[in-house]
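Got a few minutes to look around a protein chain together? Have a look first, and then we'll talk it through.

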Amino acid sequence: MKLSEKDIRALKLAAVSVVVIVVFLVGLRWKEHWGQARIESQVLKAKLNDIDMSETKRKGLMAIVPAFKMPVEEEEQGFLFRNEFNEQLKKAGIKNEPLVTIPNKRAPLTGYKSLHLSCKASKCRFSQVLDLLAKLNENPYLVGIEQFSLKIDPKKRSEVELNITVSTFTNTTSRTGRS
Amino acid sequence: MNDMNDSDTNVGTRQSVVAIVREDDVLKGVELRKRDGATEILWAKSTENIDVDWQSFASECGLAVKSAADEGSDSDRTVVIGFGSAGTVFHRASVPPVEKQEIEPIVRLQAETRLPLSSDQTELAWRADPAQNGQIGVTMVVARKELLQEFVRDVRPLDPTRIILDCEGIIKAWRTVFCEYEEEAVIVSMSARSTQVCLARDGRLSNAVILDLGLEDLSVESPTEQAETTERIALDVGIDSVSSEAHAGQTEIAERFVRDMRSVMDLFGYEDPGRVPVLVLSDDSATYVSIVSSLRSADLNARVVLPNVRTLASQGESGGQWIYDYRAAIGLGLMALEGGAGELNIFKNVYSRFETKKKKHWIYSPKVACAIAVVMLLTLAIVSYAIDLKSPKAIKQRVEAPTVAAKTDLDTLVQRQKLMRMVARERPDILALLKLINDCGEKGVLLNGVTFNKDQKVSINGQVQSDVQLYKYQESLNKQKDVTDVKITNIGRASSSSGGRSSGGPPGRPSDGPPGGPPSGGARGKGGITFTITFHYKNFTKKTARAQI
């Protein structure tokens with residue numbers, strides 16, 4: 001059977017239509033997938049921007065926070081923090097009264113709570129306090145000093161009464177991590 | 001279609017020449033060939049209908065008409081086309097006897113000064129005569145480029161070997177076919193509505209002019225016919241003056257023609273027009289005799305020149321009238337048969353027979369360029385897609401690789417970074433604070449206690465010897481960049497045994513005022529003065545600032 005010009009034209013048009021439909025369908029899926037990949041890429045880049053910082057800033061941060069461990073659950077974190085702080089007090093030679101755990105007061109960051117430890121030492125030397133403060137940043141669980149009070153004995157000025165409250169973060173979510 | 005010899009056009013056509021020329025909207029074509037040293041006309045055709053175009057006429061003549069896409073030539077006949085001189089302007093110029101390559105710029109310069117159009121709008125062809133009296137005469141012919149390009153578009157399907165000015169063909173026909181030859185002559189070739197006046201020197205075209213008067217304007221009937229016509233009109237109309245009026249009109253046109261011819265002779269540079277012969281190409285009809293007699297009466301050395309029928313052999317019809325009708329085409333055909341160059345080739349830059357056969361590099365093809373562009377676009381899309389798809393994974397792998405042992409992923413790293421920054425904001429440097437408090441106090445300032453509470457002002461208490469010392473201490477604290485809002489909140493007289501006792505009253509001068517001048521009270525007794533100073537340390541003690549952070 002010989003096809004007429006009209007038939008050939010119709011067949012060509014049909015073939016082109018089929019190709020266009022297939023390309024359109026595949027193209028749509030491809031575009032969707034590409035869009036997701038682009039979003040994922042952008043999210044990742046945003047995360048990298050969060051992590052990325054200049055060398056100067058990184059050094060500044062490391063000077064303030066030379067050691068850091070990711071917070072774990074409250075019980076374990078409290079134990080680890082107390083142990084480490086006790087060690088630092090011992091190293092500084094400060095004889096303190098038993099540490100008092102003050103339950104969390106506020107949640108500075110979603111998924112985390114704050115745990116405070118209060119320490120009182122009725123008699124210690126000023127140099128010991130300075131030693132403690134100098135080494136305190138090396139505590140990887142320490143977040144900050146919430147309260148600090150120093151009273152100097154006017155009769156014997158080398159002796160001081162120290163009250164210090166330090167804080168740590170505890171993880172309230174099930175996921176835990178250490179570094 | 002006038003077919004003067006339509007028989008056997010396909011026999012013996014090897015190495016023949018077909019010449020076609022348009023004359024007064026009529027296309028005329030002949031096929032010539034050389035055999036045994038003699039030139040033979042195979043056929044001659046012309047169109048009756050003025051609407052016939054070049055391609056149709058070529059088809060009628062049995063020529064292969066090519067489309068633009070056709071390549072190569074399978075024709076065994078050479079085709080030459082005549083270009084009407086009506087679209088051209090001739091000039092004569094003289095240049096000093098210089099080398100041939102130096103003549104070109106001189107001629108171009110002269111042409112540019114004479115023409116109203118710029119050089120990029122025109123085409124110029126020139127031919128130098130032999131040097132004479134220390135000067136070289138140059139024949140220049142100029143035409144609008146657009147006109148030539150249009151003509152080439154029309155005739156390109158005929159695949160012509162050459163396109164030659166038809167006046168060159170006239171001169172060639174005069175030299176070869178017509179009886180008389182003169183070294184220097186003005187050749188008059190008349191067609192129905194125009195007259196071509198060519199100056200020939202040494203058998204070559206030297207100048208040419210087209211007059212808008214032709215045979216139709218100047219034709220005269222035979223004396224018998226004229227008498228019969230006059231008598232008939234006189235009987236019908238009854239007016240004796242018809243004959244005289246017609247005669248007067250004819251005379252006027254003839255006079256105008258003579259005037260034009262004299263102007264042309266002036267243009268050709270002849271002060272004495274009688275010196276040079278004016279040869280009127282003729283088919284031996286009475287009109288030419290009349291024209292020549294008019295010219296002669298105006299002191300022009302004019303005479304009729306008839307074709308020599310024996311110079312050309314013909315397979316079909318022959319005769320003076322027949323040769324005369326096809327003189328331009330025959331002249332062009334003879335030029336092509338001789339194959340000599342040296343004609344005024346005004347189509348040199350406009351037409352090349354092999355122009356369409358030049359193969360362009362495939363990269364210049366629009367289709368290839370489009371295909372490459374599409375492929376590149378697709379490649380760009382695929383590469384971008386691949387990058388977007390793979391780069392996050394690669395980054396994750398790279399970031400997580402050193403911390404695999406610690407089972408840390410990127411999210412944990414981000415969280416850790418955030419926490420560290422927060423810790424840095426939450427961690428006051430108490431050691432630096434103590435150092436600052438100590439450095440600001442001069443000798444004699446005794447500190448009894450320091451209290452730091454987040455979101456509250458730092459409080460220090462101690463003992464000084466005098467108010468001056470206290471205010472200096474306050475001032476010194478105030479100058480510290482990390483310290484703000486320094487206030488003396490309490491001043492008291494110190495007991496000899498204790499660190500201080502609160503007086504309960506207001507301080508002797510405003511606590512936040514600028515220190516200066518001696519205190520009103522001076523030293524407050526032997527035990528000194530106890531004081532309490534409060535101030536903000538960075539943002540740690542400012543509740544609102546911390547809340548904003």
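What follows is a chat between a visitor and a guide about this predicted model.

Visitor: How many bridges join strand 11 of chain B to strand 12 of chain B?

Guide: Strand 11 covers residues 195-201 of chain B, and strand 12 covers residues 204-211. The two run antiparallel. One of the partnerships puts B:T195 opposite B:L211. The number of bridges joining the strands is seven.

Visitor: And which residue in that hairpin takes a positive phi?

Guide: Look at the turn, where two residues sit between the strands. One residue in this hairpin has a phi near 55 degrees, and its name is B:D202.

Visitor: Is B:S294 buried or exposed?

Guide: You'll find B:S294 in helix 8 of chain B, residues 286-297. Leaving out residues up to four places away in sequence, B:S294 touches B:A254 and B:V258. Its relative accessibility is 17%, and the cut-off for buried is under 20%. So B:S294 counts as buried.

Visitor: What about B:D284, buried or exposed?

Guide: B:D284 lies in the loop between strand 13 and helix 8 of chain B. It isn't a glycine, yet B:D284 has a positive phi of about 75 degrees. Its relative accessible area is 58%, and exposed means over 50%, so B:D284 is exposed.

Visitor: Which residue meets B:K457 in a salt bridge?

Guide: Side chains of opposite charge can pair when their charged atoms come close. Here the N to O distance is 2.7 Å. The pair links distant parts of the chain, 28 residues apart, with B:K457 in the loop between strand 16 and strand 17 of chain B and its partner in strand 18. That partner is B:D485.

Visitor: How does B:D485 count, at 33% relative accessibility?

Guide: B:D485 also has a positive phi, near 55 degrees, in a residue other than glycine. Buried stops under 20% and exposed starts over 50%, so with 33% B:D485 falls in between. That makes B:D485 partly exposed.

Visitor: Where do B:D439 and B:K435 both lie?

Guide: These two form a salt bridge, with the closest N and O atoms 3.2 Å apart. They are four residues apart, about one turn of the helix. B:K435 counts as exposed at 53% relative accessibility. Both residues lie in helix 13 of chain B.

Visitor: How many salt bridges does a search of the whole structure find?

Guide: We've met B:K457 with B:D485, and another one joins B:E475 to B:K479 at 3.7 Å. Over all chains, the search finds 21.

Terms used
Residues numbered from 1 in each chain as written. Chains lettered and ligands numbered in written order. Predicted model: local features only at pLDDT ≥ 70, side-chain atom pairs only at ≥ 80, totals over all residues. Heavy atoms only, no water. Buried < 20%, exposed > 50% of the residue type's maximum accessible area, 1.4 Å probe, protein only. Pairing = 2+ DSSP bridges. Contact = heavy atoms within 4.5 Å. Salt bridge = Lys/Arg side-chain N within 4 Å of Asp/Glu carboxyl O.
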